[in-house]
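Subject: Structure for your review

Dear colleague,

Please find the structure below, together with its sequence. I should be grateful if you would read the notes after it alongside the coordinates.

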Number of protein chains: 2
Amino acid sequence: MTARLLALRVREAQRSLALCGSAQRDKALHAMADAMIAAQDNILVANIKDLHLARDKSVAETMLDRLALDAKRIEGMAQGLRDVAALADPIGQIDGMWQRPNGLRIGKMRVPIGVIGMIYEARPNVTSDAAALCIKSGNGVLLRGGSEAIYSNTAIATALREGLRQAGIDPDCILLIEDTSREVARDMMGLTGIIDLLIPRGGASLIKTVVETSRVPVLETGTGVCHTYVHADADLDMALAIAVNAKCSRPSVCNSMETLLVDKALRDWVPMVCRAMADKGVVLMGCPEVCAAFPDAQPATEDAWDTEYNDLVLNIRLVNGLEGALVHIRDHSTRHSECIVTRDYDTSRAFINRVDAAAVYVNASTRFTDGGEFGFGAEIGISTQKLHARGPVGLAELTTVKYLVLGEGQIR
Amino acid sequence: MTARLLALRVREAQRSLALCGSAQRDKALHAMADAMIAAQDNILVANIKDLHLARDKSVAETMLDRLALDAKRIEGMAQGLRDVAALADPIGQIDGMWQRPNGLRIGKMRVPIGVIGMIYEARPNVTSDAAALCIKSGNGVLLRGGSEAIYSNTAIATALREGLRQAGIDPDCILLIEDTSREVARDMMGLTGIIDLLIPRGGASLIKTVVETSRVPVLETGTGVCHTYVHADADLDMALAIAVNAKCSRPSVCNSMETLLVDKALRDWVPMVCRAMADKGVVLMGCPEVCAAFPDAQPATEDAWDTEYNDLVLNIRLVNGLEGALVHIRDHSTRHSECIVTRDYDTSRAFINRVDAAAVYVNASTRFTDGGEFGFGAEIGISTQKLHARGPVGLAELTTVKYLVLGEGQIR
């Protein structure tokens, strides 16, 4: 069946979902969790098939790790569904109505966006995470996962659909496209008016392709070339702790630091921070002054400053005060998360006002840019675009609004 | 100079605008208004040139009316600039910060989007209206108006830029592209990363072209195939007044009614509403039952139900209760503004919940879908898309947010 026909089925099914109350959608999420647990054996068998084929294709070890499921991971996915059920329902919410001089009452009500298309790589957990957030927010979801996880995704989607059925909701609110060819993904990108929003999740090249090709609106998630600028007046113990945390606590994610900017006034501190990083196994790429101060650092190429390593590699550069830091960030930031460490009030204010990014930090690790850490309960990704949603994308960002206008016969 | 180079100039200039306080931006708006008045003669001479050329090209009378300026219209444009200055500043606003268990304080601050591209037709007032809203909201604007108004637009933009200069703001925050070829518009649509948002204003075909072609995010404004459904339990005097107002008060605009849906139970009322419309000069296109009840009505073709007439033409159709109305609206609405007239509480609730549109009305004319009427002070158009902004687009919708995260050394 083509992407178009599948999307139309989701669209039709979503119409009734949009009218379900919170209680029924939450019941469905719990039924989906139960169905996942009940289908555990099927899912694990399917996953073994995927892993077997992936090993035959010599897929990288890190990808195999993301692909592999076990009972604990399936329980984690089911718990994720239950956690989303426990969140506040954004749908139907009206933050307030105002009255116009002519007596009209006007308010903005949160409603589902409609049909969300997910294009993602070989992480089977995205199948259930995305479905959880979409169902909670009243949206239908058309899933197109990577070929490496197709058997796992199919087994998971079957379980999720069974959960919907048990809760009396049309199972077509969740549909997985079993054809994993590029043509199908491309077809999805052309379904304006049928798919309302496309969310790509995966590596930079997948996201770039979708952003550049799609005619359907796209929510651009997550490349993060994040900086930490250590100001001359920083608490250096704090700066060291924040820098090490931002780089090393989980280097593979988008909110980790790629470049450390050190104020020229702190030249003497460079060997200490470099040593701390090196002790954690971090490979250092430095500007000439950093390389001179710490001989183990390699010279950073011009490309290095724009690279999201997602690994234990760090650029370090000396900059000329706040202005130097701001210019570097302006020219190299992907506008994800940017941090200053300082004790100076005016400098902190200037950094906040002048840095253009989804999240601007003072004296905290950029690793906090995350829906859970921000208090949203769950997220479907971090938006690095400016329109519709910026930063962690939670349930509220998966909704739109309609204006209600209540009158007693007003004419104009 | 190419669109790209001009857009880069706007982008550079906008950086300093984003850091101006409210007072300086408001001062600039007043200076722009004064400069418009001071340049009145230049603008009128330029406008005569445009009108002259337009007449030679046998441009339609309605377009000439939109193109023509006089002292009163220029004063109106200047007043528009002053009115926007008087609105509350959205920039820098933080609606509240919350504290996480680890002590981090997080808030969302409104910031300018960046560079807005406007592609519009032969209405010189759009030049100053768009500039007013963009400068107030801290955005730079690259204007590309229609060829028919090029001399008027150039004279207006020159005055607006002079106002910026007098207020100490880089005049390149407002740039008009003097080349009105299609290629230039097309170039603008490819400037991802330089133009942040494109707003097309004009006829349906212009908007369609931009939506389908642009790689830059687009704010889709305004085609309105708006419906009014008169429920069996309606107050018929109210229904008549609302229907006549929705069709006749200003038929050329997007929030006017194109189709009146009458409940089958009100079959006997059809001749009365048809007569009232005909008396106002409205040409009626009816379903077979309406044509039988009112012989002056012409049979509506299948296309008629999807047509935005923008004129004194109205489709009328009998529908089978609320369900019949909802199906018709679902299949033919452009999701702009939809109205029900009823005295029945449950029916009003069902209509509100089930109609998918930017604005849903109970017992009031759809003509109120307008930034001014909603209390926003001004608008740049009515969005009929679901993402980022839906309904009247005012100052708030011309902003994005950044998260501020304030810590005391928190790491994860």
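The notes below treat the contact between the chains and then one helix.

This is a predicted model, in which local features need pLDDT of at least 70 and side-chain atom pairs count only at pLDDT 80 or more, while totals for chains, interfaces and linings use all residues. Residues are numbered from 1 along each chain as its sequence is written, and chains are lettered from A and ligands numbered from 1 in the order in which they are written.

Chain A and chain B each contribute 51 residues to the contact (two residues are in contact if their C-beta atoms, placed from the backbone, lie within 7 Å). On the side of chain A that touches chain B, β16(A) gives the largest share, 11 residues; helices and strands are DSSP runs, of at least four residues (H or I) and at least two (E) respectively, numbered from the N terminus. β16(A) also pairs with strand β13 (residues 359–364) of chain B, in the parallel sense and over 5 bridges (pairing requires at least two DSSP bridges between the strands). Within β13(B), B:Val362 is the bridge partner of A:Leu406.

In helix α11 (residues 270–279) of chain B, the residues B:Val270, B:Val273, B:Cys274 and B:Met277 are buried (20 or more other C-beta atoms within 10 Å of the residue's own, with C-beta atoms placed from the backbone). They lie on the same side of α11(B) because they cover an arc of only 100 degrees around the axis, the arc being that of the directions from the helix axis to the C-beta atoms. Their cover includes β8 (257–263) and β11 (313–319) of chain B. After α11(B) comes B:Gly281, with a positive phi near 85 degrees.

Yours sincerely

Technical notes:
A residue is buried if 20 or more other C-beta atoms lie within 10 Å of its own, exposed if 12 or fewer, and partly exposed in between; C-beta atoms are placed from the backbone.
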